[in-house]
Each structure stands twice: as C-alpha cells, then as structure tokens.
There are 2 protein chains.
Amino acid sequence: MRRDLDELINGNSVALRYSDDNSPDDQAKYLIPLEDFFQFGLSVDCVVFGFDGQDIKVLLIKRGVAPYKSYWALPGDLVYPQEDLNGAAQRVLENLTGIREVFMQQIKTFGKVDRHPLGRVLTVAYNALIRVENYEPRAAFWADNVQWHTLSELGDLAFDHNEILAKGVEKLKVRVRNQPLGFELLPVNFTLNQLQKLYEAVLGQPLDKRNFRKKILGMNFLVKLDAKQTKDTRRPAQLYTFDRMRYDELTHRGFNFEL
Amino acid sequence: MRRDLDELINGNSVALRYSDDNSPDDQAKYLIPLEDFFQFGLSVDCVVFGFDGQDIKVLLIKRGVAPYKSYWALPGDLVYPQEDLNGAAQRVLENLTGIREVFMQQIKTFGKVDRHPLGRVLTVAYNALIRVENYEPRAAFWADNVQWHTLSELGDLAFDHNEILAKGVEKLKVRVRNQPLGFELLPVNFTLNQLQKLYEAVLGQPLDKRNFRKKILGMNFLVKLDAKQTKDTRRPAQLYTFDRMRYDELTHRGFNFEL
DNA sequence: CCAAAAGTGTTACCTTTACACCCATGT
DNA sequence: ACATGGGTGTAAAGGTAACACTTTTGG
C-alpha cells in the first residue's frame with residue numbers, strides 16, 4: 001500500500017493546492033507524504049432497534065475497555081481490511097445477537113477529526129432492525145454488558161454516539177413512513193393492533209384505529225392468516241403477515257407506500 | 001498512530017471472533033495486526049448539480065492522470081489527515097469553482113473493497129448544489145477538462161462514479177420534495193416560471209402552472225420583489241426571493257415543506 | 001356477568017387535480 | 001397587430017380525519 005510520491009501524484013487525485021496558487025513552486029510546499037493518506041481507521045457502528053410491544057428500544061453495550069470504559073455505547077467494530085462495509089456491520093450484529101442477515105440501512109458517516117481519542121477513525125453508521133423474539137443476549141468479550149434501552153432514558157454515551165443515535169432515530173422516523181420497515185421489528189405473524197402500536201411508538205403520536213386499518217389493509221400486501229393470536233389478549237386477534245412478493249410487485253407498478 | 005497489539009485490544013473495540021468460537025485459543029488465531037486497521041484511504045466525491053433554465057446538469061472532470069486517465073469522473077479528492085469530511089468536500093468545490101460555502105449534503109459512503117484499483121479507499125459522497133451564474137470554469141491541474149453534463153448523456157465514468165451519481169440523483173429527487181433545495185440552484189431572485197421549470201426538470205414530469213403557484217405561494221416564504229425580469233421574456237415577470245428566516249420560523253412552528 | 005381488547009362505517013372537511021382564457025410586452 | 005410567455009379562479013374528485021358502539025373471549 002505504501003507508495004512513493006510520484007506514484008501518489010499519478011495514482012490519486014490529490015489536490016496540491018489549498019488556495020488559488022498555481023505556480024509549481026507554490027504547489028510543492030503543500031505536498032503531503034502519501035503515508036498520511038492511508039492512516040485512517042474505519043469502523044462501523046450500529047443503531048439496533050427493537051420493539052417490545054410498547055416502546056422502541058435500542059441495544060447498547062457497556063464498554064469493558066478504554067477509552068470510555070464502562071460507558072454505554074453503540075455496538076460497533078473496526079472494519080477488516082478485506083471486508084465490505086455492509087459485511088462488517090453484519091458481522092458486528094451477528095457476534096452480538098447471533099442473527100444473520102439482519103435488516104440494515106446506512107445512516108451516515110461520521111468523520112470529525114477528533115471523534116476518537118486514539119486517532120483518526122471514521123465510522124459508518126447503520127440502522128439495524130431486529131425482531132426481539134429472535135434475539136438472544138450475548139455480551140461480546142470486550143463488553144461488560146448488553147442491554148435494551150428506552151430512547152427517553154439515555155445518558156451520555158461513548159464517543160459521539162449520542163449524535164449518531166439521534167441521527168439514526170431521525171432516519172427511522174422518516175423511513176418508516178416511506179418504506180415497509182415496521183415489519184422488520186415485529187414477529188413474522190402479527191396483529192393489526194401490534195402494527196399500530198409500533199407505528200405509534202416510532203412516530204410518537206397516537207393513530208386512529210379505524211383509519212389506520214383502512215389505510216394499511218387498503219395497500220393490499222398484508223395477508224390474513226388462518227390463525228388468531230390468543231395470548232396477551234381477550235378476544236382473539238386476527239393474525240396477518242407481510243407479503244413481500246406482493247409488495248415488490250405493487251411498487252414496481254408504481255404503487256407508493258406511505259403511511 | 002502505530003500501537004502494539006496490547007494497546008489495540010484495550011484501546012479499540014476490535015472483535016476477535018469471526019464465528020461463535022469463544023475459547024482464548026480460538027480467538028488468538030484471528031488476531032490481526034494493528035497497522036492493518038489504519039491502512040484505509042479516504043476521499044470525498046461531489047455530485048455537483050446545476051440548472052441552466054432547462055435541464056439539470058452535473059459537473060464532471062476529465063481525469064488527466066491514471067487510473068482511469070481521460071475518463072470523466074466526479075470531482076473529488078483524498079481527505080487531509082486534519083480535515084473534516086465537510087471541509088474536504090468544500091475544499092474540492094472551492095478549488096473547482098471558486099465558490100466558498102457551497103450548499104452540500106452527505107449522500108452515502110461507498111466502501112467496496114476493490115472500488116479503487118490502488119488500495120482500500122473509501123469515499124464519502126456529497127451532493128452539492130450551485131448557482132451556475134456564480135460558477136467560473138477552472139480545471140484543476142490534475143484534470144484535463146471540466147464540463148457540465150446532461151444526466152441523460154453520460155457514458156462510463158471512472159471508478160464506481162456511475163453508481164455514486166445515480167444515488168446522488170435519487171437523493172436529490174427525494175429531498176427536493178421535502179426541503180427547499182431548489183432555491184440553491186436558482187439565482188437569488190427568480191421568477192415562478194423558473195422555479196417551476198426547475199422542479200419539472202428534477203422530478204422529470206410536467207406540473208400544472210396554476211396549481212404550482214397556488215401551492216408554493218401558499219407556503220408564505222417567497223417574497224415578491226419590487227422588480228421584474230425583462231430579459232428572456234415578453235411580458236416582464238415578477239421576481240421573487242426565498243426568505244430563509246421566514247422559512248426557518250415556519251418550520252420551527254411545525255410547518256412542513258412538501259411539494 | 002364483567003373487564004378487556006378486537007373489530008367495524010359514515011360523514012364533514014380539506015387537499016388535489018383538471019382545466020382555458022386574458023394580459024403585457026417586443027418586434 | 002401578432003407572437004410569446006406571464007398571469008389568474010373555480011369546480012369535481014379523492015383522500016384524510018373525526019367519531020362510538022358491538023363482539024368475543026378469559027376470569
């Protein structure tokens with residue numbers, strides 16, 4: 001990876017000017033050694049959302065090592081040299097929860113110069129949605145603890161994780177209205193009341209039951225099952241499932257999900 | 001920046017397990033030397049949009065150096081070690097156009113292992129909106145040429161820039177409906193017909209003149225000026241300007257821009 | 001039989017869409 | 001005077017929002 005200056009200039013689009021200076025002499029004084037350009041650290045951090053039937057929760061780890069030892073933090077890790085970003089994010093989640101192929105979307109990249117005390121480490125942040133039923137707590141060896149946290153009860157997190165988390169929540173709120181994300185947080189089979197409670201939790205506002213049902217059923221991608229839920233309810237509730245094939249078909253025809 | 005293994009383990013959240021293995025022996029064989037984690041290159045690439053009154057254009061440079069010599073590419077550059085991401089993006093744009101404080105938004109980070117032939121280089125992509133009136137073409141020394149391109153007439157770009165550009169366009173289309181971005185592409189004073197043409201170009205569909213005006217004027221953040229535009233038109237057209245103060249005030253009160 | 005959650009329609013209101021002609025100016 | 005782009009209102013249709021009672025079960 002180490003290359004000499006000549007290769008650098010020919011091999012990368014390094015700008016040699018900070019200002020309007022144009023003469024070769026001026027350019028020379030702005031040259032920066034190549035090795036400085038391959039000194040970036042890279043991590044991924046995951047904002048992992050779950051839904052307990054009542055509230056949206058975020059999965060945090062308690063750091064067992066410095067820096068920020070014993071602070072709560074978003075689960076994350078450095079990216080391996082031969083690993084794609086998505087792959088790294090999936091690996092973090094699999095190590096933490098045992099779940100493969102978690103639903104994830106990139107949020108944003110955080111790159112402040114001083115965001116990590118040990119050097120220049122960028123982090124690519126991801127939103128991850130998991131079904132809590134499938135989740136089996138497992139603290140990684142570098143963490144003292146793993147726990148679900150309610151959004152309203154968060155203290156100071158490690159690094160710039162408060163900022164990252166806030167951005168993740170913001171994106172979730174926006175995306176949940178334009179994409180069928182909600183289903184990733186519920187059991188595969190769910191009742192309409194569960195679905196409504198989920199949307200109310202994410203959006204932070206109550207929804208009208210009849211209007212909600214009219215709208216969501218009118219979209220024609222929920223399948224009524226031959227089963228009812230009897231636990232946790234008095235009158236048994238009709239179970240539904242999300243038909244992704246049908247959804248994809250509809251969207252390709254120009255249909256637009258919007259709650 | 002270089003640290004030994006012990007510091008690595010204590011100083012960063014490096015996961016030592018790829019799989020479910022837990023014993024210390026198994027862990028050991030997955031250890032990766034620290035220096036590998038600070039070998040990432042980092043660049044920013046800008047999708048620079050302009051509007052010529054008719055079509056949306058993208059500013060591309062023709063690369064003067066390998067790799068991809070003489071391919072068209074998004075303007076971009078490696079990030080300096082002591083420079084924030086936004087700062088790097090602004091620098092690229094200032095070098096290219098002479099404009100400071102360009103309106104920019106992060107699009108996404110592209111990090112495929114093999115996206116850059118010379119090593120592991122991530123790129124953080126930005127959308128930039130500029131007023132073409134202010135732009136004065138200026139090829140950087142590492143570029144043979146700089147030119148506005150129509151979106152429908154693009155060939156194969158360097159690196160993964162076709163993919164990045166497509167993502168930038170997609171984001172622009174979404175955001176222009178939820179945020180008052182359009183005004184960044186027009187002169188400070190503009191006519192409603194110019195504004196409408198802009199939206200039609202971005203969204204790729206014709207809009208009804210009367211409905212468009214009703215809606216946009218109803219939002220109450222356009223200020224009618226005491227001036228008319230007489231060039232390029234028969235009947236002089238009323239000029240308006242975007243009142244950002246008013247807009248911010250409205251949004252803080254719960255108003256929601258949506259076209 | 002009572003408590004608790006499930007389920008179900010109608011109406012008023014607001015937003016969106018469709019649509020056609022007159023106006024001011026330059027040539 | 002005419003060609004060109006600027007400017008204006010209304011009505012029908014569709015979508016959203018408000019609202020209350022009956023049903024089914026477990027205890």
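Here a biologist quizzes a modeller about the cysteines and the two DNA strands in this predicted model.

Biologist: Why is A:Cys46 called buried?

Modeller: Its relative accessible area is 0%, and buried means under 20%, so A:Cys46 gets that label. B:Cys46 also comes out at 0%, so it is called buried by that cut-off too.

Biologist: How many disulfides does the structure hold, over all chains?

Modeller: Zero. A disulfide needs a pair of cysteine sulfur atoms within 2.5 Å, so no such pair turns up in any chain here.

Biologist: On to the DNA. What surrounds strand D?

Modeller: There are 19 residues around DNA strand D, and the closest are A:Arg235, B:Lys209, B:Lys214, B:Arg234 and B:Gln238. Sugar and phosphate make up 35% of the strand D atoms that come within 4 Å of the protein.

Biologist: What makes the pairing of B:Lys209 with DNA strand D a polar contact?

Modeller: An N or O atom in the B:Lys209 side chain sits 2.6 Å from a base nitrogen of strand D. The cut-off for a pair of N or O atoms is 3.5 Å, so this pair counts. B:Lys214 has a polar side-chain atom 2.9 Å from a base oxygen of strand D, and for the side chain of B:Arg235 the distance to a base nitrogen is 3.2 Å.

Biologist: Which helices and strands help form the surface near DNA strand D?

Modeller: Helix H6 (209-218) of chain A, plus helix H6 (209-218) and strand S10 (237-242) of chain B, each bring at least two residues. By class, that surface has twelve charged, four polar and three nonpolar residues.

Biologist: And which residues are closest to DNA strand C?

Modeller: A:Asn193, A:Lys209, A:Gln238, B:Arg235 and B:Pro236, out of 19 that surround DNA strand C. Of the strand C atoms within 4 Å of the protein, 36% belong to sugar or phosphate and the rest to bases.

Biologist: How do you know that A:Arg213 has a polar contact with a phosphate oxygen of DNA strand C?

Modeller: An N or O atom of the A:Arg213 side chain is 3.3 Å from that phosphate oxygen, and the limit is 3.5 Å, so it qualifies. Bases of strand C are involved as well: A:Arg210 has a polar side-chain atom 3.3 Å from a base oxygen, and the B:Asp208 side chain has an N or O atom 3.3 Å from a base nitrogen.

Biologist: What classes of residue make up the surface near DNA strand C?

Modeller: Twelve charged, four polar and three nonpolar. H6 and strand S10 (237-242) of chain A and H6 of chain B each supply at least two residues there.

Definitions and conventions: Residues are numbered from 1 along each chain as its sequence is written. Chains are lettered from A and ligands numbered from 1 in the order in which they are written. This is a predicted model: local features need pLDDT of at least 70, side-chain atom pairs count only at pLDDT 80 or more; totals for chains, interfaces and linings use all residues. Side-chain values use heavy atoms; hydrogens and water are left out. Buried means under 20% relative accessible area, exposed over 50%, partly exposed in between (1.4 Å probe, protein chains only). A residue is near a molecule or strand if one of its heavy atoms lies within 4 Å of it. A polar contact is a pair of N or O atoms within 3.5 Å; within protein, one must be able to donate a hydrogen and the other to accept it, and residues adjacent in sequence count only if both atoms are side-chain atoms. Helices (H or I, at least four residues) and strands (E, at least two) are DSSP runs, numbered from the N terminus. Ala, Val, Leu, Ile, Met, Phe, Trp, Tyr, Cys and Pro count as nonpolar, Asp, Glu, Lys and Arg as charged, and the others, Gly among them, as polar.
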